[in-house]
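Please read the points below with the model open beside you, and locate each named part before moving to the next point.

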Amino acid sequence: MDILRFALLGLASGAIFAIVAQALVLTYRASGILNLAQGAFLMIGAYTYYQFTQWDAPLVVAVCGAVAVSAVLGIGVFAVVIQPMHRSSPLTRVIATLGVLMVSQAAVILAYGIDIRPAPSWLPTDTLELVAGAPVSADRYAIILLGCTATAMLWGFYRFTSFGRITSAVAENPQAVACLGHSPARIAMINWGLGSALAGFAGTLIGPITYLEPTQLVLLVLPALAAAMIGGFASFPLAFTAALGIGVVQGWLQRYVDNPGWSTAVPFLAVIAWLVLRGHGLPLRSHLLDRLPAVGSGRIKPTRLAIVFALLCVLVVFGMDEQWSTAFTFTVLIAIVCLSMVVITGFAGQLSLTQYVLAGVGAFIAAKLSGSVPFEIALVVAVLITAAIGAVVGLPSLRTRGVTLAVVTLALADVAYQLILDNDDINGGTAGLTIAPPSLLGWDIDPLLHPERYAVVALIALFAVALTIANLRRGTVGRRLLAVRSNERAAAALGVGVYAAKTYAFTLAAAVAALGGVLLGYQQSVVLTSQFAVFTSLVLVGVTVAGGVGMIGGALIGSLMVPNGLAGQLLHDIPDINVYLPLIGGLFLLIALRIAPDGLFEQNRQALHHLLVRRRTTGTTGTTTGTVTDRLAGEAPPAHTPSPQAPTGTAATPPRTSRVTKQRTLRVEGLRVAFGGVHAIDDVSLRLEPGQVHGLIGPNGAGKTTFIDAVTGFVATSGGTIHLGDDTINTWSVRRRNRNGMIRSFQSLELFSDLTVRENLAVACDDGRASRYLTDLVRPGRIHLNADALNAIDQCGLVPDLDLKPEQLPFGRRRLVAIARAIAAAPSVLLLDEPAAGLDNNEADELGHLIRSVADRGVAVLLVEHRMDLITACCDTVTVLRSGRLLAAGPPHQVLTLPDVLDAYLGSRTAITESDTHPSAAVPADS
């Protein structure tokens, strides 16, 4: 009955995973943070319990002491690290928990070493045979019971107590909770303490399951993360059930499969498949967009770059001994791997935790090939194969995002490490894989005989990759990636291939990581794949974020923080420095994240910029000569005032033939949209002719925005047909509708905050050519705006704002940018969702003229608006919705005087009279 026995053993392991998963759910519910430090709290709890037992303390005291120490540590981490960073990006705060993990692990290693230590069980250890043929020690049953009890108590407490309800409210809306007199920070701190105590308690249960060893204990958070993710980081029972399932499957695989890596891999693969199947392709309208770290411009100065490169080559060849050259090479190659994170996380906004493991895969492939093919071929083949693997790793990003994607990529990294890099059957075991000395086109670059030559090759590779990524940022593809990073819905609405952009980013980032990994592998005569462990991958993500994950310079600074490189060589004369470097590195990471939320590179760049601006703008009289716009833009003012027809830095081109701009009629017949049992749209028909402005109005909650979402493909329809010209488009994707001329704006603007106004318009003008994904790496070219974009710039008066980012503009100006961006996409059907919200009367009048001029060019315009003056001035026809149903349709002067419309929409006949008297009068906005 081994199958039952190992199922019971797996249930015990799963119960421990469940307790840690509940701790993850607690901290996420309270603060919205993926707490990677839970592994550290578990480890601290385990070693604290062990230390108490070494002092011969009673086991009850040892357990209570471990729980108390973990709780205090959790509260301290929140108070000292997390809460002061509440204005930082979620990515930065996640990396801060990684910094806590690094510091904790380094401290435990300093105190206890890396030798495995047994921890006694504080539970009864008698063997029981409650299931015939499946004898199991009593402590395993006790652990299962404790896991069930903890889950039940947490579920009941957070469901039925006022504190639990307040915690749920904090997760939903911390501002609203603060307005009711509760402190979200205090509530989050209490939950962090409870979560840490739970993790510490789980650490005291580890004894019967495994030995104590720091690097393995912190990784116990991985299955717990998978379970918490299945529970949506919200459901205690679902997380508990998932954890038990993972434990059982792992128990069976450990018994029946020889390769131990499968016991980790299969559960994660099942979790990933489940998440991908239930995920959403695009975020819903309710999806909250978090602030991301700052991103660089990609601009380079070739002369300065050439000088720096030449000086570094001279320094490497003539100014470094063998030790310094080896350390320099290591840092340069780590910088290449960090640059891969700039592509995937900095530009595309996808938090991938697999990059260093992918670098190890590249090194593994090259090592396998090195004995049979030349260095150049091994390098190219390894990079290409790893790039393909990167594309596969990126597949979950098409259906998941945010915290879920981070956990998925972490799981994939662990799967790849367990099955490939840590598989003794193929990785050479402790002896490693012998790799042939490299030569480049007949030039001997053996790093053992000629370390300076290999250092020059590594430097060339670094500069080539950095130039390529800079080109990518300045090009069309860079704008696509940043558009996806800023707002996937808006990017899809403008025809950006969101799936293609994400897959490309994962593929390119994997190729870059593989390049660095292959060169790291060839730096030694033997490749030890264990150096590419999952935890090291997390460390590299951490240092890159600390340096500045959105900038090339940030990757370079991040690489300097990695031990065994230049930092280690600089401090090598200090006794035992290598023992303390991990602790120093973790503390430095936390300090860097605290003082520089956007990265050390950006912090120093801004400081230098402000210093130069102060010197340039302050004369002998102490007066400032720069304009407000100059200071906002962070750049010197242009040499001349740009013309509306040809804004500076923009090449004007005729309208593109690749985009469909012919006149088309939009016909919607019997449209239905249901969310569960609620019919948001019920049997609505509408016809929109070219050259016509059709108003769509209705009271709050009438379904106006839902109607636009359904027509443009953002929500699924449950009935009816949508015709664009002669085509029925119900099954078309958002992008296909866009490429056939259907363009929309958003009620909440949804501009690309990482791009300037000019770049926002350029995304709308993108012709969508796939060849750009290759050509932009070499020749990005200048921004090209079409005639529609230039006309919109002129009519909206956006010339002074072109080089500013949306957040630097007043809300009314941002609204005009959103409208101009929609017009720049050369629509044949244009759907505007409350474009006048936030505009004053003059701006609204100008907007009305702009909308009318667009329609006069043959564009069919649907206008959802609550300003009656704009509706009566612009619209040829008006359709009224009430509770998702069609109430009335016809010319504005007839519809707006119908009694049913007055009663249902405006409230009374007097309201329409007041609206006519006061043109700025507004009706409630759609929800």
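The numbered points go from the whole chain to its sheet, and then to its rings and one helix residue.

1. This is a predicted model, in which local features need pLDDT of at least 70 and side-chain atom pairs count only at pLDDT 80 or more, while totals for chains, interfaces and linings use all residues. Residues are numbered from 1 along each chain as its sequence is written, and side-chain values use heavy atoms, with hydrogens and water left out.

2. The chain has 38 helices and 18 strands, where helices (H or I, at least four residues) and strands (E, at least two) are DSSP runs numbered from the N terminus. Of its 927 residues, 57% count as buried; buried means under 20% relative accessible area, exposed means over 50%, and partly exposed is in between, with a 1.4 Å probe and protein chains only. Among contacts (heavy atoms within 4.5 Å) between residues at least 6 apart in sequence, 77% join residues at least 24 apart.

3. One open sheet deserves a careful look: six strands form it with mixed pairing, in the order β13-β15-β16-β10-β17-β18, and two strands pair if DSSP finds at least two bridges between them. Because β13 and β18 (885-890) stand at the edges with a single partner strand each, one side of each is left without a neighbour in the sheet. From one strand to the next, the twist averages 20°. Within this sheet, β15 (residues 829-833) and β16 (residues 860-864) run parallel and are joined by five bridges, and V829 stands opposite A860 in β16.

4. Which helix lies across β10, β15 and β16, running at about 150° to β16? That helix is α34 (residues 841-856), and α28 in turn lies across β10 (693-697), β13, β15, β16 and β17 (877-882), running at about 150° to β15. These angles run from 0 to 180 degrees between N-to-C directions, and the axes are lines fitted to C-alpha atoms, for helices over the stretch in contact.

5. The structure holds 16 aromatic pairs; rings of Phe, Tyr and Trp (its six-membered ring) pair if their centres lie within 6.5 Å, and planes under 30 degrees apart count as stacked, over 60 as edge-to-face and the rest as tilted. One of the pairs is the tilted one of W122 and F201, at 6.0 Å centre to centre with 55° between the planes. W122 lies in the loop between α4 (90-112) and β1 (127-128) and F201 in helix α8 (residues 184-204), so this pair ties together parts that are 79 residues apart in sequence. W122 is partly exposed at 26% relative accessibility, whereas F201 is buried at 17%.

6. F714 and F746 form an edge-to-face pair, 5.9 Å centre to centre and with 80° between the planes, and both residues are buried. R489 lies over the face of F714, at 4.9 Å from the ring centre; a charge sits over a ring if NZ of Lys or CZ of Arg is within 6 Å of the ring centre and within 35 degrees of the ring normal. R5 lies over the face of F6 in this way, at 5.6 Å from the ring centre.

7. L9 has its place in helix α1 (residues 2-31) and is buried, with a relative accessible area of 18%. Leaving aside neighbours within four places in sequence, L9 is in contact with V136 and R140. L9 and Y141 are 132 residues apart in sequence, yet 8.8 Å apart in space, C-alpha to C-alpha.
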